[in-house]
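User: I'm new to reading protein structures and would like to understand how the labels are decided. Could you go through some with me?

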Amino acid sequence: MPRVATNGRPENEPLATTGILGLDDVLNGGFSRGRLYLVEGVPGSGKTTLAIQFLMEGAKRGEKVLYITLSETNEELQSVARSHDWDISGITVRELLPNERALESDDQYTMFHPSEVELASTTKLILEDVHKLNPTRVVFDSLSELRLVAGNPLRYRRQILALKQFFAGRNCTVIVLDDMTAADHDLHVQSIAHGVILLQNLSPEYGAERRRLRVVKYRGTSFRGGFHDYLITKGGLRVFPRLVAAEHRGRGSCNKLASEIRELDDLLGGGIEEGTSTLIVGAAGTGKSTIAAQFCAAAARRGDKSVLFMFDESPNTLFTRCNGLGIDLEAHVTAGAIDVVQIDPAELSPGEFANMIREAVEKTGVKIVVVDSLNGYLNAMPEERFLAIQLHELLMFLSQQGVATILIGAHHGLIGAQMQAPVDASYLADAVLLLRYFESRGEVRQAISVVKKRGGLHERTIREFAMRDGTIRVGEALREFRGVLTGVPVYEGPSAPLVGTERTR
(Lines give C-alpha, C1' and ligand atoms only; values in the text may rest on other atoms or scores of the structure.)
Protein backbone atom coordinates (compact mmCIF):
# COMPACT_ATOMS: atom_id res chain seq x y z
CA MET A 1 0.00 0.00 0.00
CA PRO A 2 1.26 3.55 -0.72
CA ARG A 3 2.43 5.49 2.29
CA VAL A 4 0.10 8.28 3.34
CA ALA A 5 1.52 11.65 4.31
CA THR A 6 0.22 13.78 7.17
CA ASN A 7 -1.86 15.84 4.75
CA GLY A 8 -3.95 12.80 3.83
CA ARG A 9 -2.44 12.31 0.35
CA PRO A 10 -0.41 9.26 -0.64
CA GLU A 11 3.25 10.25 -0.77
CA ASN A 12 4.48 11.34 -4.23
CA GLU A 13 0.93 11.48 -5.57
CA PRO A 14 0.89 13.49 -8.84
CA LEU A 15 -1.14 16.66 -8.65
CA ALA A 16 -2.84 18.80 -11.26
CA THR A 17 -1.94 22.34 -10.18
CA THR A 18 -4.51 24.99 -11.01
CA GLY A 19 -2.14 27.82 -11.93
CA ILE A 20 -4.25 30.18 -9.78
CA LEU A 21 -2.32 32.19 -7.23
CA GLY A 22 -3.49 31.12 -3.78
CA LEU A 23 -5.90 28.36 -4.84
CA ASP A 24 -3.23 25.65 -4.88
CA ASP A 25 -2.37 26.71 -1.33
CA VAL A 26 -6.00 26.26 -0.30
CA LEU A 27 -6.11 22.85 -2.04
CA ASN A 28 -2.87 21.69 -0.44
CA GLY A 29 -1.02 21.61 -3.75
CA GLY A 30 -3.76 21.22 -6.34
CA PHE A 31 -6.21 18.60 -7.59
CA SER A 32 -5.51 14.88 -7.28
CA ARG A 33 -5.27 13.55 -10.83
CA GLY A 34 -7.82 11.21 -12.37
CA ARG A 35 -10.74 12.55 -10.35
CA LEU A 36 -13.93 14.50 -11.02
CA TYR A 37 -14.43 17.87 -9.32
CA LEU A 38 -17.42 20.19 -9.11
CA VAL A 39 -17.06 23.97 -9.21
CA GLU A 40 -20.35 25.69 -8.50
CA GLY A 41 -21.38 29.30 -8.19
CA VAL A 42 -23.91 31.80 -9.44
CA PRO A 43 -23.37 33.49 -12.84
CA GLY A 44 -20.54 36.03 -12.62
CA SER A 45 -18.66 34.30 -9.82
CA GLY A 46 -15.70 33.35 -12.05
CA LYS A 47 -16.29 29.68 -12.86
CA THR A 48 -15.31 29.99 -16.52
CA THR A 49 -12.23 32.04 -15.64
CA LEU A 50 -11.13 29.42 -13.12
CA ALA A 51 -11.69 26.63 -15.63
CA ILE A 52 -9.69 28.32 -18.39
CA GLN A 53 -6.80 28.98 -16.00
CA PHE A 54 -6.83 25.33 -14.97
CA LEU A 55 -6.60 24.22 -18.62
CA MET A 56 -3.97 26.84 -19.49
CA GLU A 57 -1.79 25.53 -16.66
CA GLY A 58 -2.05 22.03 -18.14
CA ALA A 59 -1.27 23.25 -21.67
CA LYS A 60 1.76 25.12 -20.33
CA ARG A 61 3.01 21.81 -18.92
CA GLY A 62 2.60 20.08 -22.28
CA GLU A 63 -0.64 18.29 -21.45
CA LYS A 64 -3.57 17.78 -23.82
CA VAL A 65 -6.58 19.70 -22.51
CA LEU A 66 -10.20 19.88 -23.62
CA TYR A 67 -12.95 22.44 -22.94
CA ILE A 68 -16.43 21.04 -23.64
CA THR A 69 -19.09 23.75 -23.67
CA LEU A 70 -22.83 23.40 -23.84
CA SER A 71 -23.43 26.99 -22.79
CA GLU A 72 -20.80 29.42 -24.10
CA THR A 73 -19.67 29.67 -27.69
CA ASN A 74 -16.06 29.54 -28.79
CA GLU A 75 -16.23 33.26 -29.56
CA GLU A 76 -17.37 34.00 -26.02
CA LEU A 77 -14.47 31.99 -24.61
CA GLN A 78 -12.06 33.85 -26.88
CA SER A 79 -13.52 37.12 -25.62
CA VAL A 80 -12.84 36.07 -22.02
CA ALA A 81 -9.27 35.17 -22.98
CA ARG A 82 -8.71 38.52 -24.72
CA SER A 83 -9.92 40.40 -21.65
CA HIS A 84 -7.10 38.76 -19.67
CA ASP A 85 -4.49 38.87 -22.48
CA TRP A 86 -4.45 35.06 -22.57
CA ASP A 87 -3.43 32.82 -25.42
CA ILE A 88 -5.71 29.78 -25.33
CA SER A 89 -4.50 28.26 -28.58
CA GLY A 90 -3.28 25.25 -26.56
CA ILE A 91 -6.85 24.48 -25.41
CA THR A 92 -9.09 22.34 -27.60
CA VAL A 93 -12.61 23.80 -27.46
CA ARG A 94 -15.57 21.61 -28.39
CA GLU A 95 -18.93 23.37 -28.82
CA LEU A 96 -21.93 21.15 -28.17
CA LEU A 97 -24.74 23.66 -27.90
CA PRO A 98 -28.01 21.71 -27.61
CA ASN A 99 -30.62 22.25 -30.31
CA GLU A 100 -34.37 21.95 -30.07
CA ARG A 101 -34.34 18.32 -31.17
CA ALA A 102 -31.93 17.41 -28.41
CA LEU A 103 -34.23 19.03 -25.87
CA GLU A 104 -37.44 17.37 -27.13
CA SER A 105 -36.48 13.82 -28.07
CA ASP A 106 -37.40 11.30 -25.35
CA ASP A 107 -35.45 8.55 -27.12
CA GLN A 108 -32.08 10.05 -26.18
CA TYR A 109 -32.58 10.59 -22.45
CA THR A 110 -31.66 7.21 -20.96
CA MET A 111 -27.95 6.71 -20.34
CA PHE A 112 -26.08 3.90 -18.66
CA HIS A 113 -22.43 2.83 -18.87
CA PRO A 114 -21.09 3.11 -22.46
CA SER A 115 -20.74 -0.66 -22.76
CA GLU A 116 -24.40 -1.27 -21.94
CA VAL A 117 -26.54 1.00 -24.09
CA GLU A 118 -26.28 3.55 -26.83
CA LEU A 119 -25.40 6.99 -25.48
CA ALA A 120 -27.44 10.09 -26.05
CA SER A 121 -26.16 12.04 -29.03
CA THR A 122 -24.74 14.89 -26.96
CA THR A 123 -22.91 12.58 -24.56
CA LYS A 124 -21.70 10.40 -27.42
CA LEU A 125 -20.02 13.40 -29.07
CA ILE A 126 -18.32 14.23 -25.78
CA LEU A 127 -16.87 10.76 -25.40
CA GLU A 128 -15.76 10.64 -29.05
CA ASP A 129 -13.71 13.80 -28.49
CA VAL A 130 -12.16 12.30 -25.38
CA HIS A 131 -11.25 9.10 -27.22
CA LYS A 132 -9.76 11.09 -30.11
CA LEU A 133 -7.75 13.62 -28.08
CA ASN A 134 -7.00 11.52 -24.97
CA PRO A 135 -6.70 14.63 -22.75
CA THR A 136 -5.39 14.70 -19.19
CA ARG A 137 -7.57 17.69 -18.23
CA VAL A 138 -11.20 18.25 -19.19
CA VAL A 139 -13.67 21.00 -18.30
CA PHE A 140 -17.37 20.42 -18.78
CA ASP A 141 -19.45 23.63 -19.00
CA SER A 142 -22.10 23.33 -17.72
CA LEU A 143 -24.40 21.00 -15.84
CA SER A 144 -27.40 23.28 -16.33
CA GLU A 145 -27.54 22.46 -20.04
CA LEU A 146 -27.00 18.76 -19.31
CA ARG A 147 -30.07 18.85 -17.07
CA LEU A 148 -32.09 20.15 -20.02
CA VAL A 149 -30.76 17.43 -22.29
CA ALA A 150 -31.51 14.74 -19.71
CA GLY A 151 -35.08 15.88 -19.26
CA ASN A 152 -35.66 14.50 -15.76
CA PRO A 153 -33.62 14.15 -12.55
CA LEU A 154 -33.18 10.37 -12.78
CA ARG A 155 -31.69 10.41 -16.28
CA TYR A 156 -29.54 13.42 -15.37
CA ARG A 157 -28.06 11.63 -12.36
CA ARG A 158 -27.39 8.52 -14.45
CA GLN A 159 -25.53 10.62 -17.01
CA ILE A 160 -23.34 12.24 -14.36
CA LEU A 161 -22.51 8.88 -12.80
CA ALA A 162 -21.74 7.40 -16.22
CA LEU A 163 -19.41 10.30 -17.04
CA LYS A 164 -17.57 9.80 -13.77
CA GLN A 165 -17.17 6.06 -14.44
CA PHE A 166 -15.97 6.74 -17.98
CA PHE A 167 -13.27 9.22 -16.93
CA ALA A 168 -12.19 7.23 -13.87
CA GLY A 169 -10.10 4.80 -15.89
CA ARG A 170 -8.49 7.36 -18.22
CA ASN A 171 -6.25 9.24 -15.74
CA CYS A 172 -8.14 12.38 -16.68
CA THR A 173 -8.83 15.21 -14.22
CA VAL A 174 -12.31 16.57 -14.86
CA ILE A 175 -13.92 19.81 -13.67
CA VAL A 176 -17.65 20.23 -14.16
CA LEU A 177 -19.20 23.67 -13.75
CA ASP A 178 -22.63 24.35 -12.30
CA ASP A 179 -24.22 27.80 -12.30
CA MET A 180 -26.76 26.80 -9.62
CA THR A 181 -29.68 28.12 -11.65
CA ALA A 182 -31.86 25.05 -11.05
CA ALA A 183 -34.89 25.65 -8.87
CA ASP A 184 -33.88 22.79 -6.56
CA HIS A 185 -30.18 22.51 -5.75
CA ASP A 186 -29.36 18.87 -6.46
CA LEU A 187 -26.72 17.53 -4.06
CA HIS A 188 -26.28 14.34 -6.08
CA VAL A 189 -23.31 15.71 -8.03
CA GLN A 190 -21.68 16.88 -4.79
CA SER A 191 -22.01 13.38 -3.39
CA ILE A 192 -20.26 11.67 -6.32
CA ALA A 193 -17.61 14.34 -6.95
CA HIS A 194 -14.17 13.83 -5.43
CA GLY A 195 -14.04 17.50 -4.47
CA VAL A 196 -16.39 20.48 -4.49
CA ILE A 197 -15.49 24.19 -4.63
CA LEU A 198 -18.17 26.80 -3.99
CA LEU A 199 -17.76 30.34 -5.42
CA GLN A 200 -19.83 33.11 -3.85
CA ASN A 201 -20.69 36.70 -4.67
CA LEU A 202 -21.42 39.07 -1.80
CA SER A 203 -23.12 42.42 -2.32
CA PRO A 204 -22.48 44.82 0.58
CA GLU A 205 -24.81 47.75 0.98
CA TYR A 206 -21.98 50.06 -0.08
CA GLY A 207 -18.78 49.48 -2.02
CA ALA A 208 -17.59 46.95 -4.53
CA GLU A 209 -18.89 43.40 -4.56
CA ARG A 210 -16.92 40.82 -2.61
CA ARG A 211 -16.12 37.32 -3.76
CA ARG A 212 -15.12 34.37 -1.64
CA LEU A 213 -14.70 30.64 -2.13
CA ARG A 214 -14.92 27.58 0.07
CA VAL A 215 -13.79 24.00 -0.43
CA VAL A 216 -16.93 22.10 0.53
CA LYS A 217 -15.29 18.68 0.32
CA TYR A 218 -12.07 17.07 -0.84
CA ARG A 219 -11.87 13.34 -0.23
CA GLY A 220 -8.74 11.88 1.31
CA THR A 221 -6.90 15.20 1.56
CA SER A 222 -6.62 17.91 4.17
CA PHE A 223 -7.27 21.39 2.85
CA ARG A 224 -7.51 24.93 4.17
CA GLY A 225 -11.09 25.15 5.36
CA GLY A 226 -13.34 28.15 5.71
CA PHE A 227 -13.97 31.03 3.34
CA HIS A 228 -11.17 32.61 1.31
CA ASP A 229 -11.56 35.99 -0.40
CA TYR A 230 -10.65 36.22 -4.09
CA LEU A 231 -10.59 38.75 -6.87
CA ILE A 232 -11.16 38.55 -10.60
CA THR A 233 -8.58 40.90 -12.09
CA LYS A 234 -6.89 41.26 -15.46
CA GLY A 235 -4.91 38.03 -15.56
CA GLY A 236 -7.49 35.84 -13.85
CA LEU A 237 -8.48 34.80 -10.37
CA ARG A 238 -6.34 35.69 -7.39
CA VAL A 239 -7.20 33.84 -4.18
CA PHE A 240 -6.20 35.07 -0.72
CA PRO A 241 -5.97 32.01 1.55
CA ARG A 242 -7.36 32.56 5.01
CA LEU A 243 -4.52 33.43 7.37
CA VAL A 244 -3.87 30.70 9.95
CA ALA A 245 -1.30 31.91 12.47
CA ALA A 246 -0.52 28.37 13.68
CA GLU A 247 1.03 27.59 10.29
CA HIS A 248 3.70 30.27 10.71
CA ARG A 249 5.35 29.39 13.98
CA GLY A 250 8.58 31.22 14.55
CA ARG A 251 10.81 32.49 17.32
CA GLY A 252 11.23 36.23 17.12
CA SER A 253 13.45 38.36 19.29
CA CYS A 254 12.20 40.72 22.02
CA ASN A 255 14.40 43.68 21.14
CA LYS A 256 13.01 47.02 22.16
CA LEU A 257 12.18 49.53 19.44
CA ALA A 258 12.54 53.04 20.83
CA SER A 259 10.68 56.11 19.62
CA GLU A 260 13.72 58.31 20.36
CA ILE A 261 11.53 60.53 22.54
CA ARG A 262 13.00 59.87 25.99
CA GLU A 263 9.89 60.57 28.06
CA LEU A 264 7.67 58.46 25.79
CA ASP A 265 10.14 55.57 25.89
CA ASP A 266 10.27 55.89 29.69
CA LEU A 267 6.49 55.55 29.79
CA LEU A 268 6.74 52.34 27.72
CA GLY A 269 9.61 50.90 29.73
CA GLY A 270 12.14 51.54 26.98
CA GLY A 271 9.93 51.32 23.90
CA ILE A 272 7.79 48.74 22.14
CA GLU A 273 9.09 45.20 21.68
CA GLU A 274 9.47 43.18 18.51
CA GLY A 275 6.75 40.57 18.23
CA THR A 276 4.24 42.58 20.28
CA SER A 277 1.20 44.66 19.40
CA THR A 278 0.54 48.15 20.71
CA LEU A 279 -2.87 49.77 20.57
CA ILE A 280 -2.89 53.57 20.57
CA VAL A 281 -6.38 54.83 21.40
CA GLY A 282 -7.82 58.28 21.86
CA ALA A 283 -10.09 60.91 20.42
CA ALA A 284 -9.56 62.42 17.00
CA GLY A 285 -6.59 64.79 16.85
CA THR A 286 -4.83 63.59 20.00
CA GLY A 287 -1.69 62.52 18.11
CA LYS A 288 -2.16 58.78 17.60
CA SER A 289 -0.94 58.67 14.00
CA THR A 290 1.90 61.06 14.81
CA ILE A 291 3.24 58.76 17.53
CA ALA A 292 3.09 55.81 15.13
CA ALA A 293 4.96 57.83 12.48
CA GLN A 294 7.61 58.73 15.08
CA PHE A 295 8.24 55.04 15.81
CA CYS A 296 8.56 54.31 12.06
CA ALA A 297 10.95 57.22 11.50
CA ALA A 298 13.10 56.11 14.45
CA ALA A 299 13.18 52.57 13.05
CA ALA A 300 14.24 53.91 9.63
CA ARG A 301 17.16 55.73 11.23
CA ARG A 302 18.23 52.41 12.77
CA GLY A 303 18.06 50.71 9.36
CA ASP A 304 14.77 48.84 9.96
CA LYS A 305 11.88 48.82 7.50
CA SER A 306 8.28 49.78 8.34
CA VAL A 307 4.96 49.86 6.52
CA LEU A 308 1.94 52.06 7.27
CA PHE A 309 -1.51 51.04 6.03
CA MET A 310 -3.60 54.22 5.93
CA PHE A 311 -7.37 53.83 5.94
CA ASP A 312 -8.44 57.32 6.96
CA GLU A 313 -5.79 59.83 5.89
CA SER A 314 -4.00 60.58 2.64
CA PRO A 315 -0.20 60.18 2.56
CA ASN A 316 0.31 63.83 1.55
CA THR A 317 -1.62 65.05 4.59
CA LEU A 318 0.43 62.77 6.84
CA PHE A 319 3.71 63.95 5.30
CA THR A 320 2.78 67.62 5.73
CA ARG A 321 1.72 67.17 9.33
CA CYS A 322 4.82 65.14 10.23
CA ASN A 323 7.15 67.67 8.59
CA GLY A 324 5.67 70.33 10.82
CA LEU A 325 6.73 68.27 13.85
CA GLY A 326 10.26 67.50 12.71
CA ILE A 327 9.47 63.99 11.42
CA ASP A 328 10.78 63.74 7.86
CA LEU A 329 8.60 60.78 6.98
CA GLU A 330 8.53 61.55 3.25
CA ALA A 331 12.34 61.34 3.00
CA HIS A 332 12.29 57.85 4.55
CA VAL A 333 9.52 56.82 2.13
CA THR A 334 11.58 58.07 -0.81
CA ALA A 335 14.60 56.15 0.50
CA GLY A 336 12.53 52.94 0.68
CA ALA A 337 12.80 52.55 4.46
CA ILE A 338 9.08 53.18 4.98
CA ASP A 339 6.18 52.11 2.78
CA VAL A 340 2.92 54.03 3.02
CA VAL A 341 -0.05 52.18 1.54
CA GLN A 342 -3.36 54.00 1.22
CA ILE A 343 -6.33 51.69 1.62
CA ASP A 344 -9.84 52.24 0.28
CA PRO A 345 -12.10 50.32 2.69
CA ALA A 346 -14.94 50.19 0.18
CA GLU A 347 -12.78 48.33 -2.36
CA LEU A 348 -10.79 45.98 -0.12
CA SER A 349 -11.71 42.60 1.32
CA PRO A 350 -10.33 41.49 4.69
CA GLY A 351 -8.53 38.56 3.08
CA GLU A 352 -6.78 40.81 0.59
CA PHE A 353 -5.65 43.13 3.38
CA ALA A 354 -4.24 40.24 5.43
CA ASN A 355 -2.43 39.03 2.32
CA MET A 356 -0.90 42.49 1.80
CA ILE A 357 0.49 42.45 5.33
CA ARG A 358 1.76 38.89 4.94
CA GLU A 359 3.60 39.77 1.72
CA ALA A 360 5.13 42.86 3.32
CA VAL A 361 6.49 40.75 6.17
CA GLU A 362 7.68 37.76 4.15
CA LYS A 363 9.04 39.57 1.10
CA THR A 364 10.41 42.85 2.46
CA GLY A 365 11.23 41.95 6.06
CA VAL A 366 9.43 44.83 7.78
CA LYS A 367 9.95 45.30 11.51
CA ILE A 368 6.97 47.58 12.22
CA VAL A 369 3.45 47.36 10.79
CA VAL A 370 1.02 50.21 11.43
CA VAL A 371 -2.73 49.86 10.87
CA ASP A 372 -4.29 53.33 10.88
CA SER A 373 -6.98 52.85 11.85
CA LEU A 374 -9.07 50.05 13.28
CA ASN A 375 -12.12 52.17 12.45
CA GLY A 376 -11.21 51.95 8.77
CA TYR A 377 -10.43 48.26 9.10
CA LEU A 378 -13.85 47.75 10.63
CA ASN A 379 -15.46 49.47 7.64
CA ALA A 380 -13.67 47.04 5.33
CA MET A 381 -15.42 44.11 7.02
CA PRO A 382 -18.67 42.87 5.54
CA GLU A 383 -19.72 41.52 8.95
CA GLU A 384 -18.10 43.30 11.87
CA ARG A 385 -18.67 40.48 14.37
CA PHE A 386 -15.76 38.62 12.76
CA LEU A 387 -13.29 41.49 13.15
CA ALA A 388 -11.87 40.34 16.51
CA ILE A 389 -11.22 36.79 15.23
CA GLN A 390 -9.45 37.93 12.07
CA LEU A 391 -7.51 40.57 13.98
CA HIS A 392 -6.39 37.94 16.50
CA GLU A 393 -5.04 35.71 13.71
CA LEU A 394 -3.28 38.67 12.11
CA LEU A 395 -1.64 39.78 15.36
CA MET A 396 -0.56 36.21 16.20
CA PHE A 397 1.03 35.85 12.76
CA LEU A 398 2.93 39.12 13.11
CA SER A 399 4.02 38.20 16.63
CA GLN A 400 5.43 34.88 15.46
CA GLN A 401 7.34 36.70 12.72
CA GLY A 402 8.92 39.07 15.25
CA VAL A 403 7.09 42.12 13.88
CA ALA A 404 5.99 44.99 16.11
CA THR A 405 2.41 46.02 15.32
CA ILE A 406 0.91 49.41 16.06
CA LEU A 407 -2.87 49.66 15.88
CA ILE A 408 -4.64 53.02 15.88
CA GLY A 409 -8.13 53.22 17.39
CA ALA A 410 -10.22 56.40 17.40
CA HIS A 411 -12.79 56.93 20.13
CA HIS A 412 -16.24 58.28 19.35
CA GLY A 413 -16.45 61.76 20.82
CA LEU A 414 -13.77 64.18 21.97
CA ILE A 415 -13.94 64.55 25.75
CA GLY A 416 -15.62 63.00 28.77
CA ALA A 417 -15.90 59.62 30.42
CA GLN A 418 -18.42 58.12 27.99
CA MET A 419 -16.15 57.90 24.93
CA GLN A 420 -16.10 54.46 23.32
CA ALA A 421 -14.14 52.74 20.58
CA PRO A 422 -16.09 51.11 17.71
CA VAL A 423 -14.38 47.81 18.50
CA ASP A 424 -12.67 46.74 21.71
CA ALA A 425 -9.25 45.42 20.73
CA SER A 426 -7.59 46.25 24.05
CA TYR A 427 -7.66 42.62 25.19
CA LEU A 428 -5.86 41.54 22.00
CA ALA A 429 -3.03 44.06 22.22
CA ASP A 430 0.06 43.51 24.34
CA ALA A 431 0.25 47.21 25.23
CA VAL A 432 -2.32 49.99 25.28
CA LEU A 433 -1.32 53.64 24.99
CA LEU A 434 -4.15 55.99 25.93
CA LEU A 435 -4.37 59.61 24.76
CA ARG A 436 -6.97 61.94 26.26
CA TYR A 437 -8.04 65.57 26.07
CA PHE A 438 -8.51 67.33 29.39
CA GLU A 439 -9.44 70.82 30.52
CA SER A 440 -7.03 72.92 32.57
CA ARG A 441 -6.64 76.66 33.14
CA GLY A 442 -9.19 77.46 30.49
CA GLU A 443 -7.39 75.41 27.82
CA VAL A 444 -7.87 72.03 26.20
CA ARG A 445 -4.75 69.95 26.77
CA GLN A 446 -3.73 66.39 26.10
CA ALA A 447 -2.58 63.57 28.39
CA ILE A 448 -0.81 60.30 27.63
CA SER A 449 -0.51 57.14 29.69
CA VAL A 450 0.26 53.44 29.32
CA VAL A 451 -2.67 51.53 30.79
CA LYS A 452 -1.49 48.05 29.83
CA LYS A 453 1.78 46.35 28.94
CA ARG A 454 2.27 42.61 29.01
CA GLY A 455 5.54 41.14 30.09
CA GLY A 456 7.39 44.34 30.91
CA LEU A 457 7.67 47.19 33.37
CA HIS A 458 6.25 50.56 32.44
CA GLU A 459 5.36 53.83 34.10
CA ARG A 460 1.96 54.12 35.73
CA THR A 461 1.99 57.88 35.54
CA ILE A 462 -0.16 60.16 33.42
CA ARG A 463 1.95 62.71 31.56
CA GLU A 464 0.99 65.73 29.53
CA PHE A 465 1.39 65.36 25.78
CA ALA A 466 1.69 68.23 23.31
CA MET A 467 2.53 68.80 19.64
CA ARG A 468 3.85 72.37 19.48
CA ASP A 469 6.76 74.42 18.22
CA GLY A 470 7.70 71.86 15.58
CA THR A 471 8.17 68.95 17.95
CA ILE A 472 6.44 66.29 20.04
CA ARG A 473 6.63 66.93 23.77
CA VAL A 474 5.93 64.60 26.66
CA GLY A 475 5.94 66.40 30.01
CA GLU A 476 6.24 65.43 33.63
CA ALA A 477 3.66 63.37 35.49
CA LEU A 478 0.43 65.23 36.24
CA ARG A 479 0.59 64.42 39.94
CA GLU A 480 -1.37 67.48 41.10
CA PHE A 481 -4.43 66.54 39.05
CA ARG A 482 -7.09 63.97 39.80
CA GLY A 483 -9.51 62.71 37.17
CA VAL A 484 -7.45 63.53 34.07
CA LEU A 485 -8.79 60.51 32.24
CA THR A 486 -12.35 61.71 32.73
CA GLY A 487 -11.52 64.85 30.76
CA VAL A 488 -12.47 67.17 33.64
CA PRO A 489 -9.67 66.88 36.23
CA VAL A 490 -9.57 68.39 39.70
CA TYR A 491 -6.51 70.47 40.59
CA GLU A 492 -5.10 69.43 43.98
CA GLY A 493 -2.01 71.56 44.47
CA PRO A 494 0.75 73.65 42.94
CA SER A 495 1.90 72.14 39.67
CA ALA A 496 4.99 72.37 37.57
CA PRO A 497 4.56 74.32 34.33
CA LEU A 498 2.73 72.29 31.69
CA VAL A 499 4.53 71.56 28.44
CA GLY A 500 1.78 73.22 26.45
CA THR A 501 2.27 76.64 28.05
CA GLU A 502 4.45 79.51 26.93
CA ARG A 503 6.58 79.15 30.08
CA THR A 504 8.11 75.90 28.76
CA ARG A 505 9.66 77.54 25.73
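User: How many disulfides does a search of the whole structure find?

Analyst: Zero disulfides turn up in the whole structure. A disulfide here is a pair of cysteine sulfur atoms within 2.5 Å. Keep in mind that this is a predicted model, where local features need pLDDT of at least 70 and side-chain atom pairs count only at pLDDT 80 or more, while totals for chains, interfaces and linings use all residues. Residues are numbered from 1 along each chain as its sequence is written, and side-chain values use heavy atoms, with hydrogens and water left out.

User: How do you know that Cys296 is in no disulfide?

Analyst: Look at its nearest cysteine sulfur: that of Cys322 is 9.3 Å away, and the cut-off is within 2.5 Å, so Cys296 has no disulfide partner.

User: Why is Cys296 called buried?

Analyst: Buried means under 20% relative accessible area, exposed means over 50%, and partly exposed lies in between (1.4 Å probe, protein chains only). Cys296 has 0%, so it is buried. Cys172, at 1%, is buried too.

User: What makes Glu209 and Arg211 a salt bridge?

Analyst: In general, side chains of opposite charge can pair when their charged atoms come close. The definition asks for a side-chain nitrogen of Lys or Arg within 4 Å of a carboxyl oxygen of Asp or Glu. For Glu209 and Arg211 the N to O distance is 2.8 Å, so the pair qualifies. Glu209 is partly exposed at 41%, whereas Arg211 is buried at 16%. The structure holds 26 salt bridges.

User: Which parts of the chain does the salt bridge between Lys453 and Glu273 link?

Analyst: This pair, with 2.8 Å from N to O, links distant parts of the chain: Lys453 lies in strand β20 (residues 443-453) and Glu273 in strand β13 (residues 272-273), 180 residues apart. Strands (E, at least two residues) and helices (H or I, at least four) are DSSP runs, numbered from the N terminus. Lys453 is buried at 11%, and Glu273 is buried at 11%.

User: Why is strand β4 largely enclosed by the rest of the structure?

Analyst: Five of the five residues of β4 (residues 65-69) are buried, so the strand is largely enclosed. Val65, Tyr67 and Thr69 cover one side, with Leu66 and Ile68 on the other.

User: How do you know that β4 pairs with β6?

Analyst: Two strands pair if DSSP finds at least two bridges between them. β4 and β6 (residues 137-141) have five, in the parallel sense, so they pair. Within this pairing, Ile68 stands opposite Phe140.
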